[in-house]
Amino acid sequence: MSGTPIMIVSWWDLGPGDPSVQDMEADIFQGGDDWSSCPGLLSKYWLADHEHRRWGGVMVWERRPVADLPINRAAQLIGRPADIRVSFAVPKIVHGIQGDHPR
């Protein structure tokens with residue numbers, strides 16, 4: 001990996017006419033795997049906040065993405081771009097131990 005990774009965070013504040021967080025959760029299982037073949041994508045997380053009716057995502061890239069990306073299904077379903085979209089340089093990444101390990 002060369003250069004500094006980039007994290008992009010975006011979310012929607014869902015209003016009365018928007019799909020529910022539950023609707024959005026159901027949808028990611030129909031098309032979320034499209035992201036697994038994106039060159040340079042290190043990880044993608046979908047964010048669900050049921051209490052405050054927010055939906056979004058976090059993507060960590062090796063570098064700023066330039067390739068064609070999969071269709072933004074959330075923007076398509078909600079009918080507008082994300083309410084908040086911010087980018088951050090990621091100077092360091094630490095991966096934790098996965099699985100059930102004794103402490």
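Five salt bridges are present in this predicted model. One of them joins the side chains of D18 and R80, with an N to O distance of 3.1 Å. This pair connects distant parts of the chain, since D18 belongs to the loop between β1 and α1 while R80 belongs to the loop between α2 and β4 (84–89), 62 residues apart. In general, side chains of opposite charge can pair when their charged atoms come close.

The elements that frame these loops follow the order β-α-β-β-α-β along the sequence, giving the protein two helices and four strands. Along its principal axes, the C-alpha trace extends over about 40 × 40 × 25 Å.

Confidence in the prediction is described by a mean pLDDT of 89 for the protein, with 92% of the residues scoring at least 70. Among the elements, strand β1 (residues 6–13) has the highest mean pLDDT, at 97, and helix α1 (residues 21–31) has the lowest, at 89.

The largest pocket has a volume of about 310 Å³. Its lining comprises 21 residues, of which W35, K44, W46, N72 and A74 are the closest to the pocket centre. Two or more lining residues come from each of β1, α1, β2 (41–49), β3 (54–61) and α2 (73–78). By character, the lining of the largest pocket divides into eleven nonpolar, six polar and four charged residues.

Three of the residues named at the pocket centre, W35, K44 and W46, also take part in contacts between a charge and a ring. K44 lies over the face of W35, and the charged end of K44 also sits over the ring of W46. The distances to the ring centres are set out below.

| Charged residue | Ring residue | Distance to ring centre |
|---|---|---|
| K44 | W35 | 4.7 Å |
| K44 | W46 | 4.8 Å |

Pairing between aromatic rings is another matter: the structure holds zero aromatic pairs. The ring contacts described here for W35 and for W46 are therefore contacts with K44, given that rings count as a pair if their centres lie within 6.5 Å and that the count of such pairs is zero.

In summary, D18 and R80 form a salt bridge between two loops 62 residues apart in the chain, while K44, W35 and W46 are among the residues closest to the centre of the largest pocket.

Conventions: Residues are numbered from 1 along each chain as its sequence is written. This is a predicted model: local features need pLDDT of at least 70, side-chain atom pairs count only at pLDDT 80 or more; totals for chains, interfaces and linings use all residues. Side-chain values use heavy atoms; hydrogens and water are left out. pLDDT is the predictor's confidence in each residue, from 0 to 100. On a 1 Å grid over the protein atoms alone, a cavity is a set of points where a 1.4 Å probe fits but cannot get out, and a pocket is an open set with protein on both sides within 12 Å along at least five of seven lines; lining residues have an atom within 4 Å of a point. Grid points are joined across faces, edges and corners, and a volume is the space filled by probe spheres set on the points. Ala, Val, Leu, Ile, Met, Phe, Trp, Tyr, Cys and Pro count as nonpolar, Asp, Glu, Lys and Arg as charged, and the others, Gly among them, as polar. Rings of Phe, Tyr and Trp (its six-membered ring) pair if their centres lie within 6.5 Å; planes under 30 degrees apart count as stacked, over 60 as edge-to-face and the rest as tilted. A charge sits over a ring if NZ of Lys or CZ of Arg is within 6 Å of the ring centre and within 35 degrees of the ring normal. A salt bridge is a side-chain nitrogen of Lys or Arg within 4 Å of a carboxyl oxygen of Asp or Glu.
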